[in-house]
Amino acid sequence: MRDAKEPVAELAKRRRHPAVVQAMRSTAAATIAYAVALQLSSEPVPLTAPLTALLVVQVTLYATLTTGIRRVNAVVAGVLIAIAFSALVGLSWWSLGMIILASLAAGHLVKVHEFIPEVAISAMLVLGVTRVANTAWDRVLETLIGAGVGLLFNFLFAPPVWVRTASEHIEDLARRLQDLLQRIGAELGNHTPIDRAAARLHEARRLDNDVARVDAALRQAEDSLRLNPRVKEGKLHRVVLRTGLDTLEICTVVVRVVTRTLTDLAKHRTAEPLFAPDVADVLAELFEHVADAVASFAVLVTTQVNTDAQDAEDRLAETLEAADASRARAAGRLLDCVRRDPRQWQLHGALLAEIDRILDELDMEHRTTRLMEELDRTTRERHRRFPRLRQLVRL
């Protein structure tokens with residue numbers, strides 16, 4: 001029965017994938033735009049309308065609004081340039097070059113960003129037909145139809161919120177960090193060849209790619225929260241996830257430094273374990289607690305504000321307390337070890353300092369302070385960008 005349910009669960013998961021949702025929404029909006037344009041435009045095949053709707057309808061409502069406005073500006077600017085050139089010089093090889101140059105320059109002036117080539121494309125398409133004036137205004141009408149259908153489509157059928165997807169990426173990154181820390185701690189009492197230590201270092205470096213993927217998923221989730229009628233306290237959710245990812249990114253960097261420290265230590269301990277058995281046991285316990293703290297932190301970040309969030313916070317507090325106790329015991333054992341054998345003492349101190357940095361980043365008070373600072377920063381930025389909105393709120 002379990003095997004039979006797995007394909008169904010996988011199919012449901014694929015249906016919720018952003019690429020699948022985007023394809024279905026774009027197809028529906030483009031088809032509706034074409035049907036509307038057939039009734040309102042004099043063109044026999046008004047393909048500009050579905051093309052505009054296809055490009056305007058994005059995964060999130062915020063992206064749809066910003067993209068739709070920029071695309072309409074790009075098309076209108078291109079059409080106006082084409083009308084001006086057709087009245088003055090007509091179409092030739094040198095006028096084509098001039099219209100492309102003028103369109104690209106106009107794209108920068110009207111700030112259409114990624115749609116700058118669309119200004120030149122619109123101008124060339126309009127300039128290349130016989131009835132320039134009629135075709136130009138038909139193209140503007142079709143563009144407005146496509147953009148309007150795309151915007152209305154997302155208003156009537158609000159796009160999904162991608163917070164869950166971003167949360168899954170954050171939890172997956174934390175699990176990778178947890179697994180790496182546990183495996184590092186388990187090997188401290190054994191002889192570690194330099195190639196194995198180097199492999200751990202390369203594995204830690206590859207976590208940077210995971211951070212980049214999580215960041216992309218989080219940016220999509222942040223856009224899905226903006227202007228979405230389904231979401232309450234969207235800014236709070238964005239700040240919680242963003243600061244959580246920032247903390248995990250710092251922990252990823254520190255773990256990479258830890259693996260580098262152990263690699264340097266393995267270069268000098270070619271025929272013996274990295275640490276004596278009594279020291280290795282305490283360090284293994286410390287790494288286990290740090291790994292659990294990273295996983296508990298990810299659960300706290302991705303949990304909504306309810307009873308589960310309180311449980312996650314209590315779990316993280318317990319794990320950090322156990323890690324602090326293990327850290328104190330490890331510091332004493334490392335000090336005794338250095339007194340007996342001062343070789344590479346600086347690497348022992350560096351390892352302990354790196355663990356301290358991870359625990360400090362995961363500390364509850366430190367996280368609360370960062371949350372408040374980020375909330376204040378985003379509020380100040382919004383007030384600077386929209387001063388009139390601030391005055392309206394005061395009124």
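Colleague: Why is R200 called buried in this predicted model?

Modeller: Its relative accessible area is 17%. Buried means under 20%, so R200 makes the cut.

Colleague: And where does R200 sit, and which residues does it touch?

Modeller: R200 belongs to helix α9, which covers residues 194–225. Leaving out residues up to four places away in sequence, R200 touches L180, R183, I184, E187 and T259.

Colleague: What makes those count as contacts with R200?

Modeller: The rule asks for heavy atoms within 4.5 Å, and L180, R183, I184, E187 and T259 are listed as touching R200 on that basis.

Colleague: Okay, cysteines next. Why does C251 count as buried?

Modeller: C251 has 1% relative accessibility. Set that against the under 20% cut-off and C251 counts as buried.

Colleague: What about C337, buried or exposed?

Modeller: Buried, because C337 comes in at 11% relative accessibility and the limit is under 20%.

Colleague: How many disulfides are there, and by what rule?

Modeller: Zero. A pair would need its cysteine sulfur atoms within 2.5 Å, and the count by that rule comes to zero.

Colleague: Let's zoom out. How many helices and strands does the protein chain have?

Modeller: There are 15 helices and zero strands. As for burial, 44% of the 395 residues count as buried.

Colleague: What share of the contacts join residues at least 24 apart?

Modeller: Taking contacts between residues at least 6 apart in sequence, 78% of them do.

Colleague: And what does the protein chain expose?

Modeller: About 21,100 Å², with carbon and sulfur atoms supplying 59% of it.

Conventions: Residues numbered from 1 in each chain as written. Predicted model: local features only at pLDDT ≥ 70, side-chain atom pairs only at ≥ 80, totals over all residues. Heavy atoms only, no water. Helix = DSSP H or I, 4+ residues; strand = E, 2+ residues; numbered from the N terminus. Buried < 20%, exposed > 50% of the residue type's maximum accessible area, 1.4 Å probe, protein only. Areas by Shrake-Rupley, 256 points an atom, 1.4 Å probe, with all protein chains shown as cover.
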